[in-house]
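Biologist: Could you take me through this model? I have some questions about its chains and how they fit together.

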Amino acid sequence: MSGHSTWPEWVYVGVVIALLCYVGAEAWNIERIIEHVPEDAEIIKVTGQQWIWTFEHEDGTKEIGELHVEKGKAYKFEITSKDVIHSFNIHDYVVLLDAVPGRVNTVWFSPTDVGEFDIQCREYCGLIHYNMRGTLIVEDKGA
Amino acid sequence: MVLELQKPRPIWQIMFSTHHTDVGLLYLITSLAFMFMGGALALLLRVELFSPGVQIIADSMTYNRIFTVHGTTLIFLFILPSASAFGNYLVPIMVRFKDMAYPKLNAVAFWMIPPAGALIWLGFADFTWYAYPTYSVISAPGPAADMWIFGLKILGVSSILGSINFVVTIMKCKHPDLPLSKMPLLAWAYLTSSLITLVAVPTFAAALLMLLTDRLGASGFFNPAMGGDPIAYQHLFWFTFHPEVYILVIPAIGFMYEIFPRFSRKPIFSHSSGVAAFTLLTIVGFASWAHHMYATGMSFTEKTVFMVGTLAAVPASAMHTFNFLATMWGGRIKFATPIMWAVGGIALFFSAGAGGVVNSAMPLDFITHDSYWVVGHFHLFVMGTILFGTVGFVYYFFPYVTGRMYSEVLGKVHFILSFVGTVLVFFTQHILGLFGMPRRIYDYPPIPEWVQMNIIISIGAFIIGIGMAIFLVNLIWSSAKGKPADMDDPFGLGGKYYFPYQAKNPSH
């Protein structure tokens, strides 16, 4: 070496690697926990198409653009698409998964607050992508 | 170097030349022209998003076409050619050879760019710069989409030819007295980024052909209605374009390795650490492509593998940052325009990298994916790091090309406006993404936080726009009327650390 010490660089690289290991391990652990779907989750079939969302509950009720769910229950979305790739997103509940034609993707959530939340499409799907929006309505049946 | 404006030649002599500095000049002028064009499109987008409702773009299809051409232009017609420009100028001189290994191939690689640019701009496709099926197969309007596919095809071949040329020039034409380990880091940057190109880009070339035949209805690779799988395209696409990120960023890092030691008047802290970091990035860059696809419904195992691969690329970038700071440490720094851009560049490079760690952590990616966070994140790389490094190098190189000095005052004003603008635009976009605004939308509901942040972002964009206008004026005015540069030491740095590639290759 050109007459200067290199230990600061090794220490620095070591610190960076340690931080990355921490981030990786923590992310792995959290993802493992949140991917575990509760046994009693109700299934809601979500279908994206240019440029609306349709929902089908387990009891056969269908909804377009609006989704009614109950506070405190667990729901499992089975997401697919009729035409191009969309991405089903309820930002307030960190629900995000692509709706891919020919595939069914699943993600679950459990609403904790009563109210109305935005549903939107987060994958570019053409002309009205910007307005492919819906509403999640969380109701409290127990009250 | 060539002093084009002091010894004027007829333009056709430059256009039909195969000499490396002439081809470099063509690359440079073309790429800067496309930079201004692509940037102007960005300003249109920001005017439209200034507030909810229709501003100046009448319909969403036009908006979609504009952001598609904006991205395609700046990645493929600005960043890649601008790297080739300086590579053409410097690589033969750095390895002490009379020209590139294949001068005619070099000129051919350049002349593929204008027709490709014409196809992209005349077509004005709308399916975003990554053209995901099934939208691009069944829904995107032609002939724009097909013209885009052909344009990208030509650009892919062009960059493969250019990379072959760099690799052969460095590996086979290097002076026998110059070992690889002593080669300047900028030449190492071209060697590693060219190797990545050669491995990565053919995959996308194949995917483009499949996309084209799918569009023609002759095949169904990516169309589930014909038994295909749209996710297969995403794998092929990102296998090329995640490494492509490194193809773009490595030359910019190389520019900074030229700028920092000169203006700090001190040798590079560790040449071998720079070489190690470039090599490491070349290898691990291929282990992370599917981190762009967590939300497509990947399994837990796949996500874990690609998260680890992504995090593994971070230490190499961190080594570069350390090397830059350690080089400046204790140096007699002259804060001329080029090093200001380089310092701004590493600050933003660090921010972009830190944000990238957030994206790669699986649970957090589902908050940021396809939102404005991602837009802010990769713009911090492509603008904050790559454009900053490149523009700094354009200023550094200006006297060698024109024989004149640029206006230092205007250069610094340009830097300050760009830095402030970049922070306003792209840091705010990160926060806007956390508030849930999706990317690629023409209009948005009047959610108060979204409206406020979009106003801040648009104002930041206009500040960058003013800076770029000043840049354009500076380039044109100074190359015609600037004061003649002292060609031995244009920046007044003095001493042995100034190493301006005075070696000049004869024209042939």
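**Fold, contact and core**

Modeller: To start with chain B, residues 24 or more positions apart account for 84% of its contacts with a separation of 6 or more, a contact being two C-beta atoms, placed from the backbone, within 7 Å. This is a predicted model, where local features need pLDDT of at least 70, side-chain atom pairs count only at pLDDT 80 or more, and totals for chains, interfaces and linings use all residues. Residues are numbered from 1 along each chain as its sequence is written, while chains are lettered from A and ligands numbered from 1 in the order in which they are written.

Biologist: How many helices and strands does chain B have?

Modeller: Chain B has 17 helices and zero strands; helices (H or I, at least four residues) and strands (E, at least two) are DSSP runs, numbered from the N terminus. Its radius of gyration is 22 Å, close to the 23 Å that the globule rule gives for 508 residues, so chain B is as compact as a globular protein of that length. That radius is taken over C-alpha atoms, and the rule is 2.2 Å times the number of residues to the power 0.38. The C-alpha trace of chain B spans about 65 × 50 × 45 Å along its principal axes.

Biologist: What about the radius of gyration of chain A?

Modeller: Chain A has 21 Å, whereas a compact globule of 143 residues would have a radius near 15 Å. Its C-alpha trace spans about 75 × 40 × 25 Å along the principal axes. The domain assignment, automatic or from a database, gives domain 1 (1-36) and domain 2 (42-139), and 37 Å separate their centres, taken over C-alpha atoms.

Biologist: Which secondary structure does chain A contain?

Modeller: Chain A contains one helix and ten strands, and the helix comes ahead of the strands in the sequence. Strand β9 (residues 115-121) runs antiparallel to β6 (residues 86-90), with two bridges, and antiparallel to β10 (residues 133-139), with six bridges. Strands pair if DSSP finds at least two bridges between them.

Biologist: Which residue stands opposite A:D118 in β10(A)?

Modeller: That residue is A:T135. On the β6 side, A:N89 has A:Q120 of β9(A) as its bridge partner.

Biologist: Changing topic, how many residues does each chain give to the contact?

Modeller: Chain A gives 42 residues and chain B gives 45. On the side of chain A, the elements that give two or more residues are α1 (7-34) and β7 (95-99). The largest share, 14 residues, comes from α1(A).

Biologist: And the core, which residues there touch the most other members?

Modeller: The largest nonpolar core has 189 residues, and those with the most such neighbours are B:I79, B:L186, B:A187, B:V249, B:M256 and B:I259. Such a core is a set of buried Ala, Val, Leu, Ile, Met, Phe, Trp, Tyr and Cys residues joined through C-beta atoms within 7 Å. This core also draws at least three residues from each of domain 1 and domain 2 of chain A. Beyond its neighbours within four places in sequence, B:L186 is in contact with residues including B:L90, B:M94 and B:F255.

Biologist: Is B:G217 buried or exposed?

Modeller: B:G217 is exposed, because 11 other C-beta atoms lie within 10 Å; exposed is 12 or fewer, buried is 20 or more, and partly exposed is in between, with C-beta atoms placed from the backbone. B:G217 is found in the loop between α8 (185-215) and α9 (230-264) of chain B.
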